[in-house]
Amino acid sequence: MENDRKQGNHLSRSLKNRHIQFLALGGVIGVGLFYGASQAVKMAGPGVLAAYIAAGLVVAIVMRALGEMTVEKPVAGSFSKYAHDLFGERMGFVSGGMWWFLWVATVMSELAAIGKLVQFWFPHFPAWIPGFLALILFTVSNLLAVKIFGEIEFVFAILKVFAILAFMVFGALMIFTGLFNGGKIVGFSNLWAHGGFFPAGWFGVFQAVAIVIQGYAGIETLAVEAGESDNPRQSMPKAFRSVTYRISFFYIGSILIMLCAYPWTQLAGHDGSPYVLLFSQVGIPVAAALMNLIIIFSGLSSCNTGVYGGSRQLYSMANEGLLPRSLNKLNKQRIPYAGVFATAVAMSVGTVITYLAPDTVYVWITSASAFSAIFIWALILVLELVNRAASKDKGASFHYKMPFWPVLPIAGLVMLLLAFIAIAISPLTRISVFAGVLWLVFLLVYYQIVVAPKVRAENTPLRETPVKDY
């Protein structure tokens, strides 16, 4: 590590506030919203709206907790570094490994969805090929200078935000004016007119929880980006607030519009994206095709951010001695290229699964990432509680402290426990618990066999990555 310091082995702090906000938006708003929402509607009907609202509340609490810690200590690795400092090397290693797995699984599902979306134009085209080409594309983009990467993601994010806003505007016109709907004003009637608001009962909502959670997963990337922000203490509080509000508005607002515009039974019977369905009905010849293209771009955007977040996680863990030092090597652009390649190789497994099971791969991999998301969010809340309690003034000197402490973080933990129970009892999403527990066990065994002996041999605390005092 001393050599790393002498050589200036640190990431480039060149991401501006607009990059930071749109990188986080890009990471979250992927095909999980544009494509996965219809899968959740199949399980819960209009009741899926309750799942999106509840998950949005949890995300808001988690982001406030993470924001408090990030503003005080902006560092690559974020919550895994905080877990290392508060709970020791083992927990730092496990948390970092779980978050890396979350991004790998998320990007795998995005790759699978991109292949299915391309079939909108070419129904018989192999679904695995577009995903494989996309993987190559965003691996290359992540090897460029961080500023260039930020500009690419900025453009992608603007496109998907435009798509959501256009969907909401046209959908609202259909619902409240009858425009594009044969003059029929439906209002909110579709929320209860086809079997009630909960046609599948609360169990249907429980079944949809895994897909809904995965749709929000990735928002915590905002904290990881603090390691490459040029002024984190000034930019991060604004970024945390605006990203949380925007995500909640886009998700809950567009889901509400979707459920009001169409009977949920029609959405459940539609194989593609509800967004494309709406623009097909609008009657503008190129609108549906354009929307489908934007959704593909949104998948590319999310994948782009996934490789970014995963590679920075490996870099941080390697810097702390938890992974081989080769993973913290930087190229001339200050990019952790070894981490980028390792993350991309792991994600390529998704193209193999898509080749073997193109029709079911999306739901499989999406549910497999939910356990990791719940684990990471719960850890963030626990870290905030412990960190604040350890402070002598209980956060009085914090620059961006959690309000209503400790009520909000405890409420968030209770809601996450309910979400875990929901995915564990649902036969459709149990795989997420099985896959997540297997990966957790692997991390614990790897730490015990490979990392722990090295730590004992050194007989010194692992060093921190130097952080500039802001």
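**Close-ups of a predicted helical model**

**Figure 1. Glu68 is tucked away in this predicted model.** At 0% relative accessibility, Glu68 counts as buried, since the cut-off for that label is under 20%. Even so, Glu68 has a charged partner: its side chain forms a salt bridge with Arg388, and the closest N and O atoms sit 2.5 Å apart. Glu68 belongs to helix 5 and Arg388 to helix 18 (residues 361–390), so this pair ties together parts that are 320 residues apart in sequence. Arg388 counts as buried too, with 3% relative accessibility.

**Figure 2. Arg388 also pairs with Glu384.** How many salt bridges turn up in a search of the whole structure? The search finds two. One is the Glu68 pair from the previous view; the other joins the side chains of Glu384 and Arg388, at 3.8 Å from N to O. Glu384 and Arg388 both sit in helix 18, four residues apart, or about one turn of the helix. Glu384 has 0% relative accessibility and so counts as buried. Put the pairs together and you get one network of Glu68, Glu384 and Arg388, joined by salt bridges that share partners. As a general reminder, side chains of opposite charge can pair when their charged atoms come close.

**Figure 3. Asn387 is another residue of helix 18.** Is Asn387 buried or partly exposed? Its relative accessible area is 25%, so Asn387 lands in the partly exposed class. Leaving out residues up to four places away in sequence, Asn387 touches Met69, Leu86 and Phe398. Ala83 is worth finding in this view as well: Asn387 and Ala83 are 304 residues apart in sequence, yet their C-alpha atoms are 10.0 Å apart in space.

**Figure 4. A nonpolar patch sits on the surface.** Its members are Phe203, Phe206, Ile410, Val414, Leu417, Leu418, Ile421 and Ile425, with about 680 Å² of accessible area together. Two elements each give two or more residues to the patch, namely helix 10 (201–216) and helix 19 (407–425). Helix 19 has the largest share, with six residues. Take Ile421, which is in helix 19: its relative accessible area is 38%, so Ile421 is partly exposed.

**Figure 5. The largest pocket holds about 320 Å³ of space.** Which residues come closest to its centre? They are Ala54, Val209, Met415, Leu418 and Ala419, out of 17 lining residues. Helix 5 (48–72), helix 10 and helix 19 each supply at least two residues of the lining. Helix 10 supplies the largest share here, six residues. Leu418 links this view to the one before, being listed in the nonpolar patch and among the residues closest to the centre of the pocket.

**Figure 6. Zooming out, the protein has 20 helices and zero strands.** The chain has 470 residues, and 59% of them count as buried. Among contacts between residues at least 6 apart in sequence, 81% join residues at least 24 apart. About 17,700 Å² of the protein is exposed, and carbon and sulfur atoms supply 70% of that area.

Definitions and conventions. Residues numbered from 1 in each chain as written. Predicted model: local features only at pLDDT ≥ 70, side-chain atom pairs only at ≥ 80, totals over all residues. Heavy atoms only, no water. Buried < 20%, exposed > 50% of the residue type's maximum accessible area, 1.4 Å probe, protein only. Contact = heavy atoms within 4.5 Å. Areas by Shrake-Rupley, 256 points an atom, 1.4 Å probe, with all protein chains shown as cover. Patch = residues over 30% accessible without salt bridge, like charges linked within 9 Å, V, L, I, M, F, W, Y side chains within 5 Å. Salt bridge = Lys/Arg side-chain N within 4 Å of Asp/Glu carboxyl O. 1 Å grid on protein atoms, 1.4 Å probe; cavity = no way out; pocket = protein on both sides within 12 Å on 5 of 7 lines; lining within 4 Å. Points joined across faces, edges and corners; volume = space filled by probe spheres on them.
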